[in-house]
Amino acid sequence: MPARTAIRARLLAAMTVLALAAPALAGCSSINEKVGAGMGDIIPQWAGGLPANAPPRPGTAEYDRFMQERERQRQMPAAERDKETQSNANAQATAPGR
């Protein structure tokens, strides 16, 4: 009989530990959701952060300008859009200091 009591005590202890660990892990997930959105901006690209050509975050002034430019380009005829894209690529390639 004492062996059964020891097994039940261990089982009760294990269940108590699991019951206490579950809320702690759930709390970590809500923190990570909030912190994770801003961490991508801080981490360098070589370490897995945002790439250099990533669009701006929604809700910023840069994002509004980005979306306006995107809409302007969408309404352009394809031939003009291709010419503008090529001229922008050439201007960036020949820019001094790069």
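**Briefing: a three-helix chain**

Met39 lies in helix H1, which covers residues 2–42. The model is predicted. Its chain has three helices and zero strands, and the order of elements from the N terminus is α-α-α. The points below cover the surface, a pocket, a pair of residues and the salt bridges.

**Chain and surface**

- The chain has 98 residues, and 4% of them count as buried.
- About 8,600 Å² of the chain is exposed.
- Carbon and sulfur atoms supply 62% of that exposed area.

**Nonpolar patch**

- Met39, Ile42 and Ile43 make a nonpolar patch on the surface, with an area of about 270 Å².
- Met39 has a relative accessibility of 36%. Buried means under 20% and exposed means over 50%, with partly exposed in between, so Met39 at 36% counts as partly exposed.

**Largest pocket**

- The largest pocket holds about 210 Å³ of space.
- Its lining consists of Phe66, Glu69, Arg70, Gln73, Arg81, Glu84, Thr85 and Asn88.
- Helix H2 (61–75) and helix H3 (78–93) each contribute at least two residues to this lining.
- By type, the lining residues are one nonpolar, three polar and four charged.

**Asp41 and Arg57**

- Asp41 is found in helix H1.
- The relative accessibility of Asp41 is 45%, so Asp41 counts as partly exposed.
- Asp41 and Arg57 are 16 residues apart along the chain. Their C-alpha atoms are separated by 9.6 Å.

**Salt bridges**

The structure holds three salt bridges.

- Glu62 and Arg65:
  - The side chains of Glu62 and Arg65 form a salt bridge with an N to O distance of 3.9 Å. The cut-off for a salt bridge is within 4 Å, so this pair counts.
  - Both residues lie in helix H2. Glu62 and Arg65 are three residues apart, which is about one turn of the helix.
  - Glu62 has a relative accessible area of 45% and is therefore partly exposed.
- Arg72 and Glu69:
  - The side chains of Arg72 and Glu69 meet in a salt bridge, 2.5 Å from N to O.
  - Arg72 and Glu69 are separated by about one helical turn because they are three residues apart in helix H2.
  - Arg72 is partly exposed, with a relative accessible area of 36%. Glu69 counts as partly exposed at 33% relative accessibility.
  - Glu69 is also one of the residues that line the largest pocket.
- Arg74 and Glu71:
  - A salt bridge joins the side chains of Arg74 and Glu71, with 2.7 Å from N to O.
  - Because Arg74 and Glu71 are three residues apart in helix H2, about one helical turn separates them.
  - Arg74 has 55% relative accessibility, so Arg74 counts as exposed. Glu71, at 33% relative accessibility, counts as partly exposed.

Technical notes:
Residues numbered from 1 in each chain as written. Predicted model: local features only at pLDDT ≥ 70, side-chain atom pairs only at ≥ 80, totals over all residues. Heavy atoms only, no water. Helix = DSSP H or I, 4+ residues; strand = E, 2+ residues; numbered from the N terminus. Buried < 20%, exposed > 50% of the residue type's maximum accessible area, 1.4 Å probe, protein only. Areas by Shrake-Rupley, 256 points an atom, 1.4 Å probe, with all protein chains shown as cover. Patch = residues over 30% accessible without salt bridge, like charges linked within 9 Å, V, L, I, M, F, W, Y side chains within 5 Å. 1 Å grid on protein atoms, 1.4 Å probe; cavity = no way out; pocket = protein on both sides within 12 Å on 5 of 7 lines; lining within 4 Å. Points joined across faces, edges and corners; volume = space filled by probe spheres on them. Nonpolar A, V, L, I, M, F, W, Y, C, P; charged D, E, K, R; others polar.
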